[in-house]
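Student: I have a structure to go through and want the reasoning behind each label. Can we take it step by step?

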Amino acid sequence: MAATTTRELAQDALTSLADGVTLVDDGSRVVLLNPQAQTLFGVRAEDWIGKEVAEFYRAVAKNSTVGEILAERFEQQAARAQETPRLEFTLRAPREQVIEAKWFALPASGAFGVLWRDVTRDKEAEQIKNQLLSTVSHELRTPLASIKGFATTLLRQDVRWDEATQREFLRIIEEESNRLEELIDNLLDMSQMEAGALRIRREPTQVRRLVREAVEVAQRRTEAHWFVMDLAAELPRVWADPRRVRQVLNNLLENAIKYAPEGGQITVTCEVEGENVVVSIADRGQGIPPEYLERVFDRFFQVDGASTRKTGGSGLGLAIAKGIIEAHGGKMWAESAPGAGSVFRFTLPVVKESDLLQNEPPAEAG
Ligand code: ADP
């Protein structure tokens with residue numbers, strides 16, 4: 001192998017670095033933009049080499065959410081490169097990403113450089129952690145306050161509650177305890193899912209039976225809604241973990257009730273499409289604006305945080321439901337026309353003869 005010069009090694013290092021690098025000579029001209037920097041900003045090195053770095057900053061800043069201010073900051077930071085300052089900003093194009101810029105001086109030559117790092121994921125993780133804390137504390141506190149309040153009231157020495165009142169208070173305590181339990185279960189499911197450790201035990205299952213049972217449970221919870229089941233006459237068995245699919249159905253039916261507060265029809269449909277059974281749950285509620293149809297499946301996302309918080313809910317239900325279905329090798333999505341309610345659909349893979357011969361579900365399971 002030919003001897004590699006230090007210069008070649010340095011060049012190789014700059015090219016292979018995960019972060020973007022810009023090098024600027026002592027005359028403030030751009031001398032290098034490594035491939036990562038070019039990708040980050042959607043530029044070509046040959047268009048910028050030899051140009052004033054201030055001009056490059058302005059071009060980058062123009063695509064950021066803070067524009068002019070950012071260009072000025074870049075200048076100031078560059079002037080202070082000896083102190084290795086850092087700056088964080090959000091880039092809009094070529095894609096939305098949070099960038100951390102760090103300046104470093106090259107004292108021997110009077111030049112300086114900038115390291116550009118995509119910290120979008122770190123920021124998201126941080127945001128999720130903060131949201132988790134605020135959701136959990138809020139969602140735990142509300143039922144807890146209620147449990148404590150009713151228990152204290154029941155225990156008061158100076159008042160005698162008649163039996164009906166006592167039962168009513170105890171009913172509320174039970175209901176609120178269930179809410180606490182559900183939240184904790186959701187959090188556990190979520191953390192297992194994130195660790196890739198959600199256990200799904202798939203077996204050949206009649207989805208029709210699961211749907212019927214779930215609808216019965218849901219019907220008991222509401223008087224304002226009525227349920228219509230439209231189940232294909234011939235439904236093949238699907239690969240499903242009955243407990244988990246029940247959890248998904250309960251969640252979707254509960255949402256259909258919760259987000260159609262005026263009541264109305266809720267239609268549950270099962271049909272075969274290719275190698276899948278598609279289950280749909282359609283309500284006649286407030287619907288979901290098109291821009292949120294995918295985001296409703298994000299953890300903690302709520303279309304209207306303030307109003308859904310009132311009805312209770314952590315914004316975890318759909319994220320978990322989708323995770324469960326995907327672990328089954330299925331898909332889940334939402335459809336909605338403004339004012340015409342929402343439809344949530346999910347698929348489960350049909351059990352095929354060949355699966356049964358091998359005596360195991362198809363490989364996609366998580
Ligand atoms: P939660 O109900 O606890 O807020 P989910 O993950 O179940 O959390 O739902 C996330 C958000 O999606 C809800 O806050 C609501 O804004 C929206 N959503 C879910 N189901 C429906 C529905 N059937 N109709 C309208 N909006 C819905």
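Tutor: Yes. Keep in mind that this is a predicted model. Start with a helix on a sheet: α11, residues 317–327, lies across β11 and β12. Its direction makes about 25 degrees with β12.

Student: What is the strand order of the sheet that holds β11 and β12, and what is its pairing?

Tutor: The order is β7-β9-β10-β12-β11. The sheet is open, has five strands, and its pairing is mixed.

Student: Why are β7 and β11 called edges?

Tutor: Each has a single partner strand, so one side of β7 (225–231) and one side of β11 (332–336) lack a neighbour in the sheet. From one strand to the next, the twist averages 15 degrees.

Student: How do you know that β11 and β12 pair?

Tutor: Pairing takes at least two bridges. β11 and β12 (residues 342–349) have five, in the antiparallel sense. Therefore they count as paired under that cut-off. One bridge links Glu-335 to Val-343 in β12.

Student: What holds strands of a sheet together in general?

Tutor: They pair through backbone hydrogen bonds, parallel or antiparallel.

Student: Now the ligand. What makes the contact with Gln-302 a polar one?

Tutor: Set the distance against the cut-off. The pair must be N or O atoms within 3.5 Å. A side-chain N or O atom of Gln-302 is 2.6 Å from an oxygen atom of the ligand. That passes the cut-off, so the contact is polar.

Student: Which atoms of Gly-315 and Ser-342 face the same test?

Tutor: For Gly-315, a backbone N or O atom lies 2.9 Å from an oxygen atom of the ligand. For Ser-342, a polar side-chain atom lies 3.0 Å from a nitrogen atom of the ligand.

Student: Is the ligand buried or exposed?

Tutor: Buried. Alone, the ligand exposes 530 Å², and the protein buries 97% of that. The elements giving two or more residues to the shell are α9 (242–258), α11 and β12.

Student: How many residues surround the ligand, and which are the closest?

Tutor: There are 19. The closest are Asn-255, Tyr-259, Asp-283, Gln-302 and Leu-318. By class, the shell has eight nonpolar residues, nine polar and two charged.

Student: What surrounds Thr-267 in strand β9?

Tutor: Thr-267 sits in β9, residues 264–273. Beyond its neighbours within four places in sequence, Thr-267 touches Val-228, Ser-280, Ile-281 and Ala-282. The side chain of Thr-267 also makes a polar contact with that of Gln-265, at 3.0 Å.

Student: Move to the sheet with β1 to β5. What is its order?

Tutor: The order is β2-β1-β5-β4-β3. It is an open sheet of five strands with antiparallel pairing. β2 (30–33) and β3 (86–91) each have a single partner strand, so both stand at the edges. On average, neighbouring strands are turned by 20 degrees against each other, direction ignored.

Student: How do you know that β3 pairs with β4?

Tutor: Six bridges join β3 to β4 (residues 97–106), and the two run antiparallel. The cut-off is at least two, so they pair. In one of these bridges, Leu-87 has Ala-101 of β4 as its partner.

Student: Which helix packs on this sheet?

Tutor: α4, residues 53–62. It touches β1 (20–24), β2, β3, β4 and β5 (111–118). The direction of α4 makes about 15 degrees with that of β5.

Student: What makes the bond from Ala-93 to Pro-94 cis?

Tutor: Its omega is near 0 degrees. Pro-94 lies in the loop between β3 and β4.

Student: What stands out about Ser-28?

Tutor: Ser-28 has a positive phi of about 60 degrees, although it is not a glycine. Ser-28 is in the loop between β1 and β2.

Note on methods. Residues numbered from 1 in each chain as written. Predicted model: local features only at pLDDT ≥ 70, side-chain atom pairs only at ≥ 80, totals over all residues. Heavy atoms only, no water. Helix = DSSP H or I, 4+ residues; strand = E, 2+ residues; numbered from the N terminus. Axes fitted to C-alpha atoms, helices over the stretch in contact; angles between N-to-C directions. Contact = heavy atoms within 4.5 Å. Near = heavy atom within 4 Å. Polar contact = N/O pair within 3.5 Å; in protein donor to acceptor, adjacent residues only side chain to side chain. Areas by Shrake-Rupley, 256 points an atom, 1.4 Å probe, with all protein chains shown as cover. Nonpolar A, V, L, I, M, F, W, Y, C, P; charged D, E, K, R; others polar.
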